[in-house]
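Open the model in your viewer and keep the selection box at hand. Each stop below gives you something to select, then tells you what is there.

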Amino acid sequence: MIERTLFTPEHEMWRDTARKFVEKEIVPFHDQWEKDGIVPRELWLKAGEAGLLCCTVPEEYGGIGADYLYDVVVFEELWRAGTSGPGFLIHTDLVATYIKSFGTEEQKQQWLPKMVTGEAIGSLGMTEPHAGSDLKAIKTKAVRDGDDYIINGQKVFISNGQMCDVLVLATKTDSEAGAKGVTLFLVDTSLPGFKRGQNLDKLGMKAQDTSELFFEDLRVPASAMLGGEGEGFKLMMTKLSQERLAQAIRSATVTETMIEWTVDYTSERKAFGQTIADFQNTQFVLADLKARSVMARVFTDKCIELFMQDKLDAVDAAMLKMVTSELHCEAADKCLQLFGGWGYMWEYPICRAYADSRIVKIAGGSIEIMKTIIAREMFKGKIGRKQ
């Protein structure tokens, strides 16, 4: 098999640290957290103490100033263990990144040290009941009032919503300006006017809290603005490739893991006097998935390299997200089938992985949006012209 060449010995030592943490502090408790619909805040503090949160945050803000691969290792070890509950990805890869990239010095000093330790949990407030992939259609309003802004509106499907202490919130400061009317704020969720709705009951990812959020005359200082007024959509667009890369890393890792589970299970499970693995159908199904999972991994690792060189463009990220998420869902379906009736039992990791998998074709931009981005580049200047 093609060897991964991204990681140094130091990265692999870090992987061992992350894996031991996941095995000790997460795996034994994940079943209960799925029943609870949330992971305890204590886990965030333990992860912060172990250095697993926001690895790329510079030392002056309490981080270890590591490269992006340290975060990648943490994410891969969570997903390889089938532990989808801890919302470290949103916290580390998105919220902390927004603050690092666009925050003022005051904002960085206020939030990043606490995010590194797990004292402050980050969340991203963008999706609304009538605005998912079309972010410029959001309706949450921020109206200037002296030195403050007053925010009214709601968000939905917000990961870490039940526990977040800081929220990167997308608002409309000019309802008539379309994308140029979108502005981001860093919202302290302890402020009056911020309200959490119910913890939503989802198909999968049962241990990760996902919420409705409401803003009722929430007053925030102008100093809480992230970037300039009207720059929110532009800032969000600069981070979409990173978000889609993270989704692809997840899909590549989980696909590999499901194949491994299925090889082990079918090699032991017997039917008609032989193991399930002895049937040619089993071998062909898994051989096909294995070949495509290797291709997905090579593509994913190449895109990680490009991202670290600041060369990953939106089209490559869209292609990566599309092919890895579609393979992820296909592998979940075919692997569960080879487990038979046991695959439908929640006690088996493949069942949970199947339920968790369906979101990947929606999160980070739907498959249809990915195809639109790719096609638009392919047919640039060739369609939509008047004859």
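**Stop 1: the cysteines**

Select Cys335 and show its sulfur. The closest cysteine sulfur is in Cys329, 12 Å away, which is too far for a bond. This is a predicted model, so keep that in mind at each stop. Cys335 is buried, with a relative accessible area of 0%.

Now move to Cys54. Which residue holds the cysteine sulfur closest to that of Cys54? It is Cys55, at 7.8 Å, and again that is too far for a bond. Cys54 is buried too, at 1% relative accessible area. A disulfide needs the two sulfur atoms within 2.5 Å. The structure holds zero disulfides.

**Stop 2: strand 4 and its partners**

Select residues 166-172, which make up strand 4. How many of its seven residues are buried? Seven are. In a regular strand, side chains alternate between the two faces of the sheet. Color the two sides separately. Val166, Val168, Ala170 and Lys172 lie on one side, and all are buried. Leu167, Leu169 and Thr171 lie on the other, and they are buried as well.

Add strand 1, residues 122-125. It runs parallel to strand 4, and four bridges join the two. Then add strand 5, residues 182-188. Strand 5 pairs with strand 4 in the antiparallel sense, over seven bridges.

Center on Val168. On the strand 1 side, its bridge partner is Leu124. In strand 5, Val168 stands opposite Leu186.

**Stop 3: Ile151**

Select Ile151, in strand 3 (residues 148-159). Is Ile151 buried or exposed? It counts as buried, at 0% relative accessibility.

Show what surrounds it. Leaving aside neighbours within four places in sequence, the contacts of Ile151 include Leu169 and Thr171, both of which you have just seen in strand 4. Phe185 is also among the contacts of Ile151, as are Phe215, Glu216 and Asp217. Draw a distance from Ile151 to Glu216. Their C-alpha atoms are separated by 6.8 Å, although the two residues are 65 apart along the chain.

**Stop 4: Tyr61**

Go to the loop between helix 3 (41-49) and helix 4 (68-80), where Tyr61 is found. Tyr61 is buried, with a relative accessible area of 8%. Beyond its neighbours within four places in sequence, Tyr61 is in contact with Glu105, Lys108, Gln109, Leu112, Pro113 and Val116. Pro113 is 52 residues away along the chain, yet its C-alpha atom is 5.1 Å from that of Tyr61.

**Stop 5: salt bridges**

Side chains of opposite charge can pair when their charged atoms come close. How many salt bridges does the structure hold? It holds 28.

Begin with Arg4 and Asp301. Their closest N and O atoms are 2.9 Å apart. Arg4 lies in the segment before helix 1 (9-26) and Asp301 in helix 8 (residues 280-308), so this pair ties together parts that are 297 residues apart in sequence. Arg4 is partly exposed at 27% relative accessibility, whereas Asp301 is buried at 8%.

Next, select Arg15 and Glu76. Their side chains meet in a salt bridge at 3.1 Å, N to O. Arg15 is in helix 1 and Glu76 in helix 4, so the pair ties together parts 61 residues apart in sequence. Arg15 is buried at 7% relative accessibility, and Glu76 is buried at 0%.

Widen the selection. Arg4, Glu12, Arg15, Arg19, Glu76, Glu77, Arg80, Glu256, Arg297 and Asp301 are linked in a network of salt bridges. Within it, pick Glu77, in helix 4. Glu77 is buried, at 3% relative accessible area. Its contacts, apart from neighbours within four places in sequence, are Arg15, Ala18, Arg19 and Val22.

For a pair within one helix, select Lys334 and Glu330. Their salt bridge is 2.7 Å, N to O. They are four residues apart in helix 9, and so about one helical turn. Both are partly exposed: Lys334 at 30% and Glu330 at 25%.

**Stop 6: a surface patch**

Finish outside. Select Trp342, Tyr344 and Met345 and show the surface. They form a nonpolar patch, with about 360 Å² of accessible area together. Trp342 is found in the loop between helix 9 (314-339) and helix 10 (349-357). Trp342 is partly exposed, with a relative accessible area of 38%.

How values were computed. Residues numbered from 1 in each chain as written. Predicted model: local features only at pLDDT ≥ 70, side-chain atom pairs only at ≥ 80, totals over all residues. Heavy atoms only, no water. Buried < 20%, exposed > 50% of the residue type's maximum accessible area, 1.4 Å probe, protein only. Pairing = 2+ DSSP bridges. Patch = residues over 30% accessible without salt bridge, like charges linked within 9 Å, V, L, I, M, F, W, Y side chains within 5 Å. Areas by Shrake-Rupley, 256 points an atom, 1.4 Å probe, with all protein chains shown as cover. Salt bridge = Lys/Arg side-chain N within 4 Å of Asp/Glu carboxyl O. Contact = heavy atoms within 4.5 Å.
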